[in-house]
Amino acid sequence: MAARDISFASFNLYNLQSPGAAMYSGSTWTDEQYDAKIFYTAAVLKRIAADVVGFQELWAEEALQEVMQMSGLDASHQALVPPEHPGSRIVCAGLVRKDILVDDPEWITAFPDEMMLASGGDDPQQDRIAVALTSFSRPVLHLTVQPHPDTPVIHVFVCHFKSRRPTELWREDWYDRDTHKDHLTALGYAVSTIRRTAEATALRMIITNLTKGTNTPVVVIGDMNDSKLSNTLNILSEQPQYLTGLSEGGGDNALYTAQTLQEYRSTRDVYYTHVYKKERESLDHILFSQEFYDHSKRRLWAFDEMTVDNDHLNIDDHKATGTNDHGIIRAGFKWKPAAGAVG
């Protein structure tokens with residue numbers, strides 16, 4: 001790989017926790033389950049060999065360090081975990097080549113101050129709506145990397161949006177069994193959707209503040225718990241136009257998906273990262289700004305290839321095998337600036 005090229009990956013670790021240590025459900029990993037999990041995770045990381053990996057569902061930093069040692073990546077890469085992380089909650093984390101990391105990473109918890117989701121309605125038939133959320137469920141990891149002194153610094157965000165599982169509402173003060181019992185699933189799905197939508201909007205605002213009117217390269221990695229054409233991804237990407245002439249397109253603060261560019265290079269779309277009730281969906285994504293988009297007049301890196309490691313999703317017992325419940329995606333980019341592009 002040339003010195004200016006770079007690759008990114010997204011990896012949901014499926015509750016990487018120390019053996020015997022409690023997780024949210026009260027469940028724990030046995031020593032045997034933990035060993036299988038470490039072996040599998042290390043093997044995948046070594047195989048995909050990405051420069052930057054965004055993780056979701058990390059509990060124990062010690063477990064990630066053991067993975068790095070087994071894979072041999074501890075010699076070349078640095079783990080990014082929140083300072084003094086207690087291991088009692090799941091976090092977004094990262095793995096990045098030591099020689100390309102710039103500055104210290106940060107974990108963003110609060111929504112932007114200008115975030116406001118309230119409206120009296122834009123036609124006479126609508127009632128007022130207001131959403132009072134102010135923070136991410138899982139703090140967003142923000143790091144910066146520079147593949148080569150001659151390339152610009154890339155801002156990378158690692159996110160994990162609210163799952164589509166219905167929020168458990170039966171503990172709420174307003175819950176009345178006789179009134180709400182038959183509607184808990186619908187209400188729970190609605191609350192989860194609202195939370196995920198707000199998180200996507202907050203991250204979009206952060207990215208817009210960084211990219212609007214600039215030439216700042218941005219990559220977003222994450223388990224977004226929604227598909228490519230969902231409202232979640234539409235908000236985050238701002239739905240850019242893809243089909244333009246070579247080096248004629250690009251949106252100032254738009255984000256493009258690795259999935260779409262890979263589909264343009266394939267004769268068949270078999271991309272999926274999650275299986276639920278036999279439905280195969282793409283919930284994990286790598287998005288990037290116009291500096292990585294082939295047809296952008298401001299292209300600096302050209303999309304090379306996206307791979308999806310998902311055969312293990314056909315295994316039902318992830319605890320016994322050490323596998324995770326999401327596909328692992330990797331996207332590579334070649335340094336190939338468009339004529340006249342500013343780096």
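# Notebook: Ile221 and its surroundings

I began with Ile221 and listed its contacts, leaving aside neighbours within four places in sequence: Phe8, Ala9, Ser10, Val52, Gly54, Val156, Phe157, Val158, Cys159 and His285. I note here that the model is predicted.

**Entry 1: Ile221 in its strand.** I placed Ile221 in strand S10, which covers residues 218-223. Is Ile221 buried or exposed? I read a relative accessibility of 0%, so Ile221 counts as buried. I then checked Ile221 against Asp284. These two residues are 63 apart along the chain. Their C-alpha atoms are separated by 7.9 Å.

**Entry 2: Strand S14.** Asp284 led me to S14, residues 284-288. I looked up how well S14 is covered: 5 of its 5 residues are buried. Which residues of S14 point which way? Asp284, Ile286 and Phe288 point one way, while His285 and Leu287 point the other way. Residues on both sides are buried. I recalled the general pattern: side chains in a regular strand alternate between the two faces of the sheet. I also note that His285 of this strand is on the contact list of Ile221.

**Entry 3: Partners of S14.** I looked for strands that pair with S14. S10 pairs with S14 in the antiparallel sense, over 5 bridges. In this pairing I found Val219 opposite Phe288. Strand S11, residues 256-257, is also joined to S14. That pairing is antiparallel too and has 2 bridges. Here Thr257 stands opposite Leu287.

**Entry 4: Cysteines.** Cys159 is in contact with Ile221, and I went on to disulfides. How many disulfides are there? I count 0. Why is Cys92 not bonded? The closest cysteine sulfur to that of Cys92 is in Cys159, at 6.7 Å, which is too far for a bond. I checked Cys159 as well: it is in no disulfide, and the nearest cysteine sulfur is that of Cys92. I looked up burial for both. Cys92 has a relative accessible area of 1% and is buried. Cys159 is buried at 0%.

**Entry 5: Aromatic rings.** I count 14 aromatic pairs. I took Phe111 and Phe136 for a closer look. Their ring centres are 4.9 Å apart and their planes stand at 80°, so I log the pair as edge-to-face. Where do the two residues lie? Phe111 is in the loop between strand S5 (101-110) and strand S6 (117-119), and Phe136 is in strand S8, residues 135-145. The pair therefore ties together parts that are 25 residues apart in sequence. Phe111 counts as buried at 6% relative accessibility. Phe136 counts as buried at 5%.

Which residues form a cluster through ring pairs? I wrote down Phe8, Phe288, Phe292, Trp301, Phe303, Phe333 and Trp335. Two names were already in my notes. Phe8 is in contact with Ile221, and Phe288 stands opposite Val219.

I also found a charge over a ring. Arg280 lies over the face of Tyr272, at 5.3 Å from the ring centre.

**Entry 6: Ser25.** I ended with a loop residue. Ser25 lies between strand S1 (6-16) and helix H1 (31-48). Is Ser25 buried or exposed? Its relative accessible area is 64%, so Ser25 is exposed. I then looked for a partner. The side chain of Ser25 makes a polar contact with the side chain of Ser27, at 2.7 Å.

How values were computed: Residues are numbered from 1 along each chain as its sequence is written. This is a predicted model: local features need pLDDT of at least 70, side-chain atom pairs count only at pLDDT 80 or more; totals for chains, interfaces and linings use all residues. Side-chain values use heavy atoms; hydrogens and water are left out. Helices (H or I, at least four residues) and strands (E, at least two) are DSSP runs, numbered from the N terminus. Buried means under 20% relative accessible area, exposed over 50%, partly exposed in between (1.4 Å probe, protein chains only). Contact means heavy atoms within 4.5 Å. Two strands pair if DSSP finds at least two bridges between them. A disulfide is a pair of cysteine sulfur atoms within 2.5 Å. Rings of Phe, Tyr and Trp (its six-membered ring) pair if their centres lie within 6.5 Å; planes under 30 degrees apart count as stacked, over 60 as edge-to-face and the rest as tilted. A charge sits over a ring if NZ of Lys or CZ of Arg is within 6 Å of the ring centre and within 35 degrees of the ring normal. A polar contact is a pair of N or O atoms within 3.5 Å; within protein, one must be able to donate a hydrogen and the other to accept it, and residues adjacent in sequence count only if both atoms are side-chain atoms.
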